[in-house]
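Subject: Structure handover

Dear colleague,

I am passing the structure below on to you, with an account of what was found in it. Please look through it once before reading the notes that follow.

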Amino acid sequence: MLTIVVFYGMETGQPDGYCQYPFYLKSYMHELSIAQSIMQIVLSEAERAKARKVLKVTIKVGELAGVLSDSLTFCFNLLAKSTIAEHALLTIEKVPVRGYCSECQRDFVIADNRYWCTTCENKHIELISGRELQIGQLEIEDETD
Amino acid sequence: MKQIEVQKDILSSNEAIAAENSTIFSQKGIYVLNLMSSPGAGKTTLLERTIELLKNTLHLGVIEGDIATSYDADRIRAHGVPVTQINTGGACHLESSMIKKALTAFDLDVLDLLIIENVGNLVCPAEFNLGEDAKIMILSVTEGEDKPLKYPLMFRLSRALIINKVDLLPHTNCSLKKIIEDATSLNPDVSIFETSCTHMTGLNAWKVWLEKEIHTKRTRSIADG
């Protein structure tokens with residue numbers, strides 16, 4: 001399993017080591033961190049299913065999560081190299097931001113930063129979607145293929 | 001070919017450790033703040049002022065998160081408060097596992113308040129829970145009024161918003177009214193403080209708010225045994 005490990009040193013303890021990411025990854029740090037978590041879950045699920053190859057990974061990303069799809073795909077492909085997920089297709093399903101108003105008992109899409117009920121303009125709404133960072137399904141090839 | 005239903009949160013391992021941290025903080029009755037802002041908004045200066053206001057009555061601890069250097073930890077240490085520096089080595093935010101490890105540097109039995117200064121960044125820190133009681137957002141007026149709507153998640157999740165460097169308002173075209181309107185439309189329950197760490201204004205209201213929060217948590221911890 002290929003993993004880029006974030007080492008960090010602490011002043012009050014013995015440093016674990018110190019490792020800088022390559023310069024070309026600097027601007028993708030948020031997505032890299034998320035891609036690492038995706039890869040860990042994908043590889044452990046694939047291993048459990050005795051997969052020979054991972055063909056496709058479908059993830060859900062909320063509009064509020066601040067994740068750039070292109071950057072995430074770049075980081076995913078980079079981490080997938082030399083693993084059974086190399087060449088796997090990362091499919092990103094964007095989830096819109098939705099709110100729920102308990103006064104009107106209805107839910108609605110939040111667009112253009114209008115974080116209030118579209119019917120009664122109540123601002124005390126619950127966010128019911130839009131923060132997703134979730135792995136949905138994997139498509140794999142196993143011994144039977 | 002076979003399809004596997006995973007349905008798992010990508011950040012679930014961070015969430016699990018954040019929950020462990022939170023349990024430790026509750027057991028020890030420690031109130032924990034996660035300070036977030038863009039670089040240069042005045043997090044460390046605000047932290048220094050907060051320490052000066054509280055260090056005679058409370059036992060404080062500070063975790064400093066930075067990509068590199070121990071400049072901030074050195075500044076905090078000069079106030080006589082225990083501090084640990086985490087260098088993320090390039091990563092743009094702190095994660096719960098880093099905090100768990102950093103906790104070994106503190107005597108948790110005596111701490112009342114632990115302040116975590118996150119890496120300066122308006123995007124990533126909001127996604128990674130650390131086990132804190134409250135996320136606090138600091139926005140300086142020199143950054144402009146457009147920030148709440150550009151970075152909605154961080155403003156949505158923060159319990160308090162500190163609008164800093166208000167002494168510089170006459171020199172900018174930033175509208176304080178617009179910041180407050182947008183921040184409250186994203187987060188109607190957010191507590192807002194207008195501060196200047198240079199002129200020492202607005203800090204007392206922040207101190208009173210914080211003391212009340214700490215008191216509430218401590219009372220709850222005692223009640224829960």
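I begin with helix α1 (residues 29-48) of chain A, where 14 of the 20 residues are buried, so that this helix is largely enclosed by the rest of the structure. Here a residue is called buried if 20 or more other C-beta atoms lie within 10 Å of its own, exposed if 12 or fewer do, and partly exposed in between, with C-beta atoms placed from the backbone. Helices (H or I, at least four residues) and strands (E, at least two) are DSSP runs, numbered from the N terminus.

Before going further, please note that this is a predicted model, in which local features need pLDDT of at least 70 and side-chain atom pairs count only at pLDDT 80 or more, while totals for chains, interfaces and linings use all residues. Residues are numbered from 1 along each chain as its sequence is written, and chains are lettered from A and ligands numbered from 1 in the order in which they are written. The model scores ipTM 0.85 and pTM 0.88. For chain B the pLDDT (the predictor's confidence in each residue, from 0 to 100) averages 95, and 100% of the residues score at least 70.

The length of α1(A) can be checked against expectation, which is 1.5 Å times one less than the number of residues: its 20 residues should span 28 Å, and the end C-alpha atoms are 29 Å apart, which agrees. Just after this helix, K50(A) takes a positive phi of about 55 degrees.

The sheet on which α1(A) packs draws on both chains. It is an open sheet of 4 strands in the order β2(A)-β1(A)-β6(A)-β1(B), and its pairing is mixed; two strands are said to pair if DSSP finds at least two bridges between them. At the edges stand β2 (89-95) of chain A and β1 (2-9) of chain B, each of which pairs on one side only. Neighbouring strands are turned against each other by 20 degrees on average, direction ignored. Axes are lines fitted to C-alpha atoms, for helices over the stretch in contact, and angles run from 0 to 180 degrees between N-to-C directions. Helix α1(A) touches β1 and β6 of chain A together with β1 of chain B, and its direction makes about 40 degrees with that of β6(A).

Within this sheet, β1 (residues 51-62) and β6 (residues 133-142) of chain A pair in the antiparallel sense over 9 bridges, with K56(A) opposite E139(A) and V57(A) bridged to L138(A). On the side of β2(A), by contrast, β1(A) runs parallel to its partner, joined by 7 bridges, and there V57(A) stands opposite L90(A). The step between the chains is made by β6(A) and β1(B), which pair in the antiparallel sense over 6 bridges, and I135(A) stands opposite K8(B) there.

Taken as a whole, the interface brings 36 residues of chain B into contact with 42 residues of chain A, a contact meaning that the C-beta atoms of two residues, placed from the backbone, lie within 7 Å. On the side of chain B that touches chain A, β1(B) gives the largest share, 8 residues.

Chain A has 2 helices and 6 strands, and follows the pattern α-β-α-β-β-β-β-β along its sequence. Of its 145 residues, 34% count as buried. One of the buried residues is C75(A), with 25 other C-beta atoms within 10 Å, and its place is in helix α2 (residues 69-80) of chain A. The C-alpha atoms of C75(A) and Q36(A) are separated by 8.2 Å, although these residues lie 39 apart along the chain.

Chain B has an open sheet of its own, in which 7 strands follow the order β4-β3-β5-β2-β6-β7-β8 with parallel pairing. Its edges are β4 and β8 (191-194) of chain B, each with a single partner strand, so one side of each is left without a neighbour in the sheet. In this sheet, 5 bridges join β6 (residues 134-140) to β7 (residues 160-164) of chain B, and I138(B) has I162(B) as its bridge partner. Helix α2 (residues 43-54) of chain B packs on this sheet, and its direction makes about 170 degrees with that of β5(B).

With best wishes
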